[in-house]
Amino acid sequence: MGSFRNRLLVLIIGLVIVTQTVTLAAVLLSTRRTVEARAAEELRAGGTLAEHLIGFRAGELANGVGVLAADFGFREAVASGHTPTILSAARNHAQRIGADMVLVLDTHGRMLASTAAAADDAEGSLAGLIEDAGGSREQPNFRVFGAHSYQFFLAPVRTPETIAWVAMGFVADQPLAARVRDLVGSEVAIVTHGAAGVTRVASTLPAAADAVFPAASDHTHVTQLGAAEYLSFARRLDVRGDSVDVILLKPLEDVLAPYREQRDAMLVIDGVALLLAAVIGAVLGRSATRPIGELVRAAQRIERGQYEVAVDVAGGEEFRSLASTFNAMQSNIAAREADITYHAYHDPLTTLPNRPGAVRTLETLIAGAREPGLALLLIELRNLPDINASLGLQVGDEVLREAARRLQQNIAAAETVARLGEMQFLVIAPGCTAERAPLYAGQLSAVIRGGFHLAGVSLDLRLACGVCLFPQHGESAAELLQRVQVALEDADEARTRVALYRPGQDQEHRRRLALVTDLRRAIDQDQLSLVYQPKVAMASRSVRSLEALVRWTHPELGAISPAEFVPLAESTGGSRQLTTWVLGAAIRQMGEWRRQGLELDLAVNLSAPDVLDPDLSDEILQQLRRHQVDPTSLLLEITESAVMRDPQVAVRNMQWLRVAGIRFAIDDFGTGHSSLSQLSVLPVDELKIDRSFMTPADPGAVTIVTSTIELGHSMGLKVVAEGVENAAAWNLLRRLGCDFAQGYLISPPLPPAQVPGFVRQANQVLPDSDSTVRQIRALDQLAGRSNSPR
């Protein structure tokens with residue numbers, strides 16, 4: 001019996017040891033996998049950030065190269081072919097932007113000048129630079145030259161044809177790797193794979209120079225560097241030229257540090273538990289079988305991640321102590337996992353739920369659907385980047401914390417506020433109706449904006465808010481979040497800076513994005529066209545001037561209205577490119593008409609940002625000289641709102657062109673916000689009455705037209721009325737002494753080939769029409785209309 005009892009005791013103790021060991025191994029294995037997976041995800045996210053940093057740097061450096069290529073002195077030096085002058089200009093610019101190498105190539109890829117002797121032997125590779133010039137300027141281009149890898153940026157030198165290419169190289173070395181490391185928080189190696197198996201490595205780790213790194217993939221690897229092991233992730237960058245991998249490395253020792261701490265604690269706990277198990281087995285003997293079974297089941301629950309049920313066993317004090325140890329271990333593991341889960345769903349700066357937390361809350365509300373509906377309010381702090389840049393990131397963080405505090409204090413208990421992005425807060429408001437939601441958004445915006453004082457400064461926060469509703473605008477969390485973001489983009493156009501999502505707005509948003517991309521391509525491929533609308537001088541009844549209007553026929557969408565694509569170009573920074581094309585085409589056409597013996601004045605519209613561009617005057621004057629066009633025959637139309645953005649800069653730029661003879665007109669006069677005092681200092685020659693006032697049946701409109709003509713004449717300005725479409729408008733303008741009329745009554749916009757014939761015919765029939773009736777008949781004859789009464 002004693003022998004049996006001893007064997008049973010040994011069996012019980014052995015079972016406890018096996019159970020504890022299996023439990024410990026399972027928990028440690030699960031913990032290690034979790035730690036390694038979290039580190040791997042951080043490395044992948046770091047890889048994405050690294051690629052964005054290199055891409056952002058590429059955009060800045062590409063602009064620097066473009067500035068050099070567009071520099072007038074540099075273009076003259078290249079055109080002269082004088083190598084010392086070219087090198088002097090190139091070195092000066094390279095020093096300003098920190099370039100390590102400047103190459104000047106002819107259009108066949110042959111070397112004209114170089115600031116680095118190492119590039120003289122690389123004619124074959126240089127030709128490859130020009131072959132890659134067709135891609136995006138901001139897409140990085142890496143090449144291995146000599147002992148280093150360089151990031152090249154290429155720009156054409158035009159006078160105006162492309163006569164050469166200038167390339168700037170920025171060495172991809174340890175400082176670049178250090179910048180990436182400071183951003184992503186891990187060690188970095190930039191590996192460039194050149195031709196013939198040549199590899200260049202720039203790393204924050206000295207031991208990485210001769211290391212063999214794994215190929216780029218979605219998986220992490222353990223890499224040996226010297227005596228240390230690193231968890232590494234390789235990402236292949238989207239670059240031209242030689243392929244480039246960014247390797248992110250974290251010491252395996254640091255990665256596993258949290259795991260080791262937990263392992264050591266659990267080993268201690270396990271040792272204590274085993275000791276207690278031996279004591280319990282020795283004391284209780286046969287009665288230990290049932291408590292051990294409970295402990296085994298408890299260990300299985302812990303392995304499955306179920307920590308809610310406490311371990312409760314019957315038996316002696318030893319078993320109860322062991323159960324208490326199990327409970328402590330279970331509580332510690334649950335607390336650690338709860339902490340990990342909390343940080344996964346909350347923003348560390350404001351402690352608000354983050355995007356995953358907001359999605360989880362939203363999915364729960366949608367699944368429950370107890371309320372009749374809910375509203376999503378997306379509030380964005382538009383000028384937070386300006387605050388960060390001017391006052392520092394610490395002040396920016398305080399702004400975010402204070403905005404989060406104000407939102408939390410002013411929402412209902414059932415509502416949720418989350419930080420959705422860097423500058424965005426999301427309020428989820430169950431039961432909020434379509435009528436109340438925009439008002440509520442405006443109230444919360446006012447709460448954030450009012451009385452904002454930080455760092456001894458009174459801050460004026462610029463906010464915008466998008467609103468969407470469930471279930472009217474979407475039935476899933478992803479759909480609602482996407483549509484409230486779309487609504488936010490329209491908020492700037494709303495008077496209250498609050499925009500409610502409109503059904504079909506997704507298609508409009510996708511259409512706008514497509515048009516922005518296609519418009520750039522259309523400009524580059526010369527797919528736009530100009531039409532010309534005549535203007536009649538009322539006094540002499542002759543046509544001596546026209547207005548150039550841009551048109552775009554999309555290959556798939558057909559004719560696109562200028563009212564749609566011109567604002568898109570202005571809002572996305574493409575208006576300058578569009579203006580350059582329009583000015584070039586219009587002045588070129590003026591030169592062709594002049595060679596045909598047709599002397600006409602031409603008005604061209606400028607976008608709002610163009611008026612403030614200091615380079616505009618040089619560009620226009622160069623075009624006029626090239627096509628031998630008299631500057632006095634060009635008139636530039638600008639809007640009141642464009643001038644009011646920065647009146648001093650606008651007036652200075654206008655004066656430069658006016659000295660050369662170019663005239664200016666205020667377009668759509670009466671619809672902007674300029675004052676008479678501001679108008680009096682603008683160097684303008686004409687006022688153009690907006691077409692919205694050309695309604696003679698409206699007494700208010702007639703009063704505005706009368707006042708505008710009198711005001712313009714009193715200031716010595718000519719007055720042009722656009723939108724003249726009927727005889728009543730013509731008679732009104734003739735009676736009031738308006739200088740010029742423009743509109744469909746006279747002629748629709750004409751293609752260039754029809755302009756000479758129309759002008760000659762108009763200048764034959766209109767001057768002989770001395771009465772109003774004969775003038776209207778002559779206009780009908782010009783437009784090919786019947787003489788029906790108007």
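Where is the place of Gln628? In this predicted model, Gln628 sits in the loop between α18 (616-626) and β23 (634-639). Its backbone has a positive phi of about 55°, although Gln628 is not a glycine. The side of the burial scale on which Gln628 falls follows from its relative accessibility of 58%, so the residue counts as exposed, the cut-off for that class being over 50%.

A second non-glycine residue with positive phi is Asp526, for which the angle is about 55°. Asp526 belongs to the loop between α15 (505-524) and β19 (528-537). With a relative accessible area of 49%, Asp526 is partly exposed, because the exposed class requires over 50%.

Positive phi values also occur at glycines that follow helices. Gly661, just after α20, takes a phi of about 110°, and Gly81, which follows α2, has a positive phi near 75°.

The geometry of helix α20 was compared with expectation. This helix comprises the 13 residues 647-659, and at 1.5 Å a residue it should span 18 Å; the end C-alpha atoms are 18 Å apart, so the two values agree. The span is reckoned from one less than the number of residues, which is why 13 residues lead to 18 Å. The buried residues of α20 are Val649, Ala650, Val651, Asn653, Met654 and Leu657.

In helix α2 (residues 72-80), the buried residues are Phe74, Arg75, Ala77 and Val78. These residues cover an arc of only 160° around the axis and therefore lie on the same side of α2. An α-helix has 3.6 residues a turn, so residues three or four places apart point the same way. The face of α2 turned away from the buried side carries exposed residues, namely Phe72, Ala79 and Ser80.

The peptide bond between Phe470 and Pro471 is cis, with omega about 5°. Pro471 is placed in the loop between β17 (463-470) and α14 (477-489).

Cysteine pairing was examined by sulfur separation. A disulfide is a covalent bond between the sulfur atoms of two cysteines. With a limit of 2.5 Å between the sulfur atoms, the count comes to zero disulfides. Cys465 has a relative accessible area of 0% and is therefore buried. Cys468 is likewise buried, with a relative accessible area of 0%. Both assignments follow because buried means under 20% relative accessible area.

Methods. Residues are numbered from 1 along each chain as its sequence is written. This is a predicted model: local features need pLDDT of at least 70, side-chain atom pairs count only at pLDDT 80 or more; totals for chains, interfaces and linings use all residues. Side-chain values use heavy atoms; hydrogens and water are left out. Helices (H or I, at least four residues) and strands (E, at least two) are DSSP runs, numbered from the N terminus. Buried means under 20% relative accessible area, exposed over 50%, partly exposed in between (1.4 Å probe, protein chains only). The arc is that of the directions from the helix axis to the C-beta atoms.
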